[in-house]
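Here are a few exercises to help you find your way around a new structure. Keep the viewer open and try each task before you read its solution.

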There are 2 protein chains.
Amino acid sequence: MQASAYRVIQYGVGAIGAEVARVLASRLDVKVVAAIDSATDKAGHDLGRLAGLSRDVGITVTADAEAALALPADVVIHTTGSYLEEVAPQLLAAVDAGKNVLSTCEELSYPWDRHPALSRQIDARAREAGVTVVGTGVNPGFVMDTLALALSAVCQSLSRLEIRRVVDVSTRRIQLQRKVGVGITPEEFEKRKATGRFGHVGLMESARLVAHALAWPVDDWQEVLEPALCDSPRQAGEIRLVRGQVAGIHQVVSARRNGREVLRLELEMSAGAAQPRDEVLIEGQPPVHMVIEGGVQGDLATAAIVANAIPAVVAARPGLLTMADLPLLYARRVQG
Amino acid sequence: MQASAYRVIQYGVGAIGAEVARVLASRLDVKVVAAIDSATDKAGHDLGRLAGLSRDVGITVTADAEAALALPADVVIHTTGSYLEEVAPQLLAAVDAGKNVLSTCEELSYPWDRHPALSRQIDARAREAGVTVVGTGVNPGFVMDTLALALSAVCQSLSRLEIRRVVDVSTRRIQLQRKVGVGITPEEFEKRKATGRFGHVGLMESARLVAHALAWPVDDWQEVLEPALCDSPRQAGEIRLVRGQVAGIHQVVSARRNGREVLRLELEMSAGAAQPRDEVLIEGQPPVHMVIEGGVQGDLATAAIVANAIPAVVAARPGLLTMADLPLLYARRVQG
């Protein structure tokens, strides 16, 4: 442990929180001082055990958020949910306790359009408390927004930007497969879609972040969510798929200016998806066509980005910021 | 022109300086207030004409650097040479005149190892004057250093990093072809190499910047420069190549820790090079394999990065910084 280690409070010990705990346990420049989770199978247990570390780390997960947030700490790593309205009280409690916040809440990555009033409230409270709040992760947070912005640095001008992520969820955890509807019928897909709580959360946020950072005016935003259908029988992890069943989601955000599509984000997350990859296509001067073969592994990367962002978020100016406001993040070597 | 336009002095109007002038002429948030070049075919001419804009921009290129640097300005864009010792007096004059400096001097991208005393001097004078000095460009400055660092943000840990750039110079300007020895004999290649002034400048700087930013200890640095030989007759722009002639350079930097190669940068710049691309291969958790097909076009990108870095360098803390110290750069839309 370094003398100047960053003191971290983990808020949420689900799949992502556990992955974050594993990363932080390997870092010499970080000390976890508390962990919060109200789930009855988590509160009272050691964080290390819950994170699958096969050893105690000496931090007992607590359901008492107020007491934990009152402890001296530099940053709260918040990993409890995707929807800003639901998690806002948690974020504001951390802010009011004088803590910087790094959250994987997808809607927080660029909340200004979907939740303007709440964004202004979080921003004002953060400024008042002198702390920074940032939403990040691999997607939204990196592969479909920040990375495209980073690549644009080589361009004198841009006329169109296309960003694509294809994930073969058959190689990923079962929760993710369920989340994108692997194995359900097209009818069930439409029912879930009608709830407004189905599909990937954050694609529109990525698109809005990119357009905002590039200062691109957009006349018309469209988002379409469709099932990726199984066209030949296949095994997806534990699920056996037959032709016509849902293999996952195909989600597209399209932004137009003067009738022309200037920004397109396409996300396919399905069992057996062909050519898994992350792709950025910049039509500009010069053009750029980037592909990350296989795509960036999501859960590992989200935990990595959160851990790698700690120094930047502690040093950043107060307020509700985005990834486009932070300095370049990278994997500084801080393991033992 | 915006009321708060960045005032720029261009120092150097060669191939890169002219490209920068063309980019800046299209930007609403930049006003060029002076241009310096002592070449007799440049001083006295209009910057726009020299930059091939087919119109005057109202800035007459001057050989009087002192007078030009005394004008009120936010940043000097310096594009006169690759070697730090040669251009240091120009950089220091700009610093002493109270100007931030963005330079394409390759050795300035990470000068601390090759020129420690000079680096300390520039750093001290910049701090004293309250200005920032940064070396950047496409390579060094982006594709073989900053981009790899940006990608590392998704990694929990890294064990090895390989960065490759392959440029087919037959599609590029004749000066670049000459610079990498297209059409010379292997004997002539060895002679030029022996001067210490041949090959790509900046590969070691990129490698050192990456190792520094990642806080990687390195026991042993190696750099090798070899000719890429023509194995079948081909036409390279204006040059007809026969078998056995030099088609360009193949340059490698390798860094080892405990006898193991942890960092490798490979640059091939040759006429007819196969599979031109920029490639980053991260062995880590998770691994990342990124390819930019065709590679980023160098001259266009260098001018773009310089222009896109202006706001960041003006806002940055004083001193001699690197690209790893700057915020995320991107192509904010500032054209008319």
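Before the first task, a word on angles: each helix axis is a line fitted to C-alpha atoms over the stretch in contact, and the angle between N-to-C directions runs from 0 to 180 degrees. Bear in mind too that this is a predicted model.

**Exercise 1. Two helices in chain B**

Work out how helix H4 (residues 84-96) of chain B packs with helix H5 (residues 116-129) of chain B.

Solution. Start with the geometry: the two helices pack at an angle of about 10°, and their axes are 10 Å apart. Angles under 35 degrees count as roughly parallel, so H4(B) is roughly parallel to H5(B). Next, look at who touches whom. H4(B) brings B:Leu84, B:Glu85, B:Ala88, B:Leu91, B:Leu92, B:Val95 and B:Asp96, while H5(B) answers with B:Leu118, B:Ile122, B:Arg125, B:Ala126 and B:Ala129. Finally, sort them by character: the contact of H4(B) with H5(B) has 9 nonpolar residues, no polar ones and 3 charged.

**Exercise 2. The buried side of a helix**

Find the buried residues of helix H1 (residues 15-25) of chain A, then say what they pack against.

Solution. Step one is the list: A:Gly17, A:Ala18, A:Glu19, A:Val20, A:Ala21, A:Val23 and A:Leu24 are buried. Step two is their surroundings in chain A. These buried residues of H1(A) pack against strands S1 (6-11), S2 (30-36) and S3 (75-78), and also against helices H2 (47-50) and H10 (298-315).

**Exercise 3. Where the chains meet**

Which element gives the most to the side of chain A that touches chain B?

Solution. Begin with the totals: 45 residues of chain A are in contact with 45 residues of chain B. On the chain A side, at least two residues each come from helix H6 (146-151), strand S6 (157-168), strand S13 (288-293) and H10. H10(A) gives the most, with 7 residues. By character, this side of chain A splits into 32 nonpolar, 10 polar and 3 charged residues. Now zoom in on the strands: S13(A) pairs with strand S13 (residues 288-293) of chain B in the antiparallel sense, over 3 bridges. For a landmark, spot A:Ile292, which stands opposite B:Met290 in S13(B).

**Exercise 4. Splitting chain A**

How many residues does each domain of chain A put into the contact between them?

Solution. First mark the domains: domain 1 covers 6-137 + 299-325, and domain 2 covers 146-295. Their centres, taken over C-alpha atoms, are separated by 26 Å. The contact takes 10 residues from domain 1 of chain A and 12 residues from domain 2 of chain A. On the domain 1 side, those residues are 4 nonpolar, 3 polar and 3 charged.

**Exercise 5. Backbone oddities**

Most residues other than glycine have a negative phi, and most peptide bonds are trans. Track down some exceptions here.

Solution. Check the peptide bonds first. The one from A:Gln285 to A:Pro286 is cis, with omega near -5°, and A:Pro286 lies in the loop between strand S12 (277-285) and S13 of chain A. In chain B, a cis peptide bond joins B:Gln285 and B:Pro286, with omega about -5°.

Then check phi. A:Ser54 is not a glycine, yet its phi is positive, about 60°. You'll find A:Ser54 in the loop between H2 and helix H3 (65-69) of chain A. Is A:Ser54 buried or exposed? A:Ser54 has 7 other C-beta atoms within 10 Å, so it is exposed.

Methods
Residues are numbered from 1 along each chain as its sequence is written. Chains are lettered from A and ligands numbered from 1 in the order in which they are written. This is a predicted model: local features need pLDDT of at least 70, side-chain atom pairs count only at pLDDT 80 or more; totals for chains, interfaces and linings use all residues. Helices (H or I, at least four residues) and strands (E, at least two) are DSSP runs, numbered from the N terminus. Angles under 35 degrees count as roughly parallel, over 145 as roughly antiparallel, 65 to 115 as roughly perpendicular and the rest as oblique. Two residues are in contact if their C-beta atoms, placed from the backbone, lie within 7 Å. Ala, Val, Leu, Ile, Met, Phe, Trp, Tyr, Cys and Pro count as nonpolar, Asp, Glu, Lys and Arg as charged, and the others, Gly among them, as polar. A residue is buried if 20 or more other C-beta atoms lie within 10 Å of its own, exposed if 12 or fewer, and partly exposed in between; C-beta atoms are placed from the backbone. Two strands pair if DSSP finds at least two bridges between them. Domain bounds come from an automatic or database domain assignment.
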